[in-house]
Amino acid sequence: MTSSDSEVRALLDSRVQAAQDKDIDRLMSLYSPDIVYYDVVPPLQFVGTEEVRRNFVRWFDEYDGPISLETHDLTIATDADVAFVNMLHLDSGTRKNGLPISIWVRSTVCCRRSGGTWTITHEHISVPINPENMQAWFPPET
């Protein structure tokens with residue numbers, strides 16, 4: 001693992017911890033001002049930190065208490081000042097309606113280093129869908 005790989009991994013660990021803590025300011029500090037973020041909720045594309053901030057606050061507000069994010073199958077590729085990352089996340093917690101939820105999401109993250117600091121410049125979230133019934137796909141418990 002290169003030092004760039006380690007730095008990007010630390011950035012992603014900070015991202016997960018800030019999301020779990022619902023610390024919007026710390027989370028947004030990890031994103032580039034010109035972030036382009038694709039999500040599974042309308043309007044599907046969020047551009048710039050203000051739009052992304054509103055989307056994260058909406059997500060945080062759906063949960064009563066903390067959000068658990070488990071990262072699986074993390075792959076990091078770095079070259080000079082650019083990084084490409086993909087992973088699976090198990091997103092779980094208790095919704096405001098009292099129901100527990102656990103859902104797998106795919107995440108692709110692109111980062112750029114400027115002035116020695118890595119920031120997230122692009123993120124794409126998707127939910128695996130079973131094409132036979134068009135329902136969210138959940139891997140078997142292991």
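Which strands does helix 3 lie across, and at about what angle does helix 3 run to strand 1? Let's start there, everyone. Helix 3, residues 49–61, lies across strand 1, strand 2, strand 3 and strand 4. Against strand 1, helix 3 runs at about 60 degrees. Before I go on, please keep in mind that this is a predicted model.

Now, the sheet itself. There are 6 strands in an open sheet, and their order is 2-1-6-5-4-3, with mixed pairing. Who stands at the edges? Strand 2, residues 45–47, and strand 3, residues 63–79. Each of these has a single partner strand, so one side of each is left without a neighbour in the sheet. On average, and ignoring direction, neighbouring strands here are turned by 20 degrees against each other.

Let me zoom in on one pair. Strand 4 covers residues 82–95 and strand 5 covers residues 100–114, and the two pair in the antiparallel sense over 13 bridges. If you would like one example to find on screen, look for S92, whose bridge partner in strand 5 is S102.

On to helix 1. This one takes in residues 3–21, which is 19 residues, and spans 27 Å from its first C-alpha to its last, close to the 27 Å expected at 1.5 Å a residue. Which residues of helix 1 are buried? They are S4, D5, V8, L11, L12, R15, V16, A18 and A19. These buried residues cover an arc of only 165 degrees around the axis, which puts them on the same side of helix 1.

And what does helix 1 lie across? Strand 1 (31–38), strand 3, strand 4, strand 5 and strand 6 (117–126), with the helix running at about 170 degrees to strand 3. Just after helix 1 comes K22, which takes a positive phi of about 55 degrees.

Last topic: the cysteines. How many disulfides does a search of the whole structure find? The search comes back with 0. As a reminder, a disulfide is a covalent bond between the sulfur atoms of two cysteines. Take C110: the closest cysteine sulfur is in C111, 7.3 Å away, and that is too far for a bond. C111 is likewise in no disulfide, with the sulfur of C110 as its nearest cysteine sulfur.

So, are C110 and C111 buried or exposed? C110 counts as partly exposed because its relative accessibility is 22%. C111, at 2% relative accessibility, counts as buried. Thanks for listening!

Technical notes:
Residues numbered from 1 in each chain as written. Predicted model: local features only at pLDDT ≥ 70, side-chain atom pairs only at ≥ 80, totals over all residues. Heavy atoms only, no water. Helix = DSSP H or I, 4+ residues; strand = E, 2+ residues; numbered from the N terminus. Expected span 1.5 Å × (residues − 1). Buried < 20%, exposed > 50% of the residue type's maximum accessible area, 1.4 Å probe, protein only. Arc of directions from axis to C-beta. Pairing = 2+ DSSP bridges. Axes fitted to C-alpha atoms, helices over the stretch in contact; angles between N-to-C directions. Contact = heavy atoms within 4.5 Å. Disulfide = S-S within 2.5 Å.
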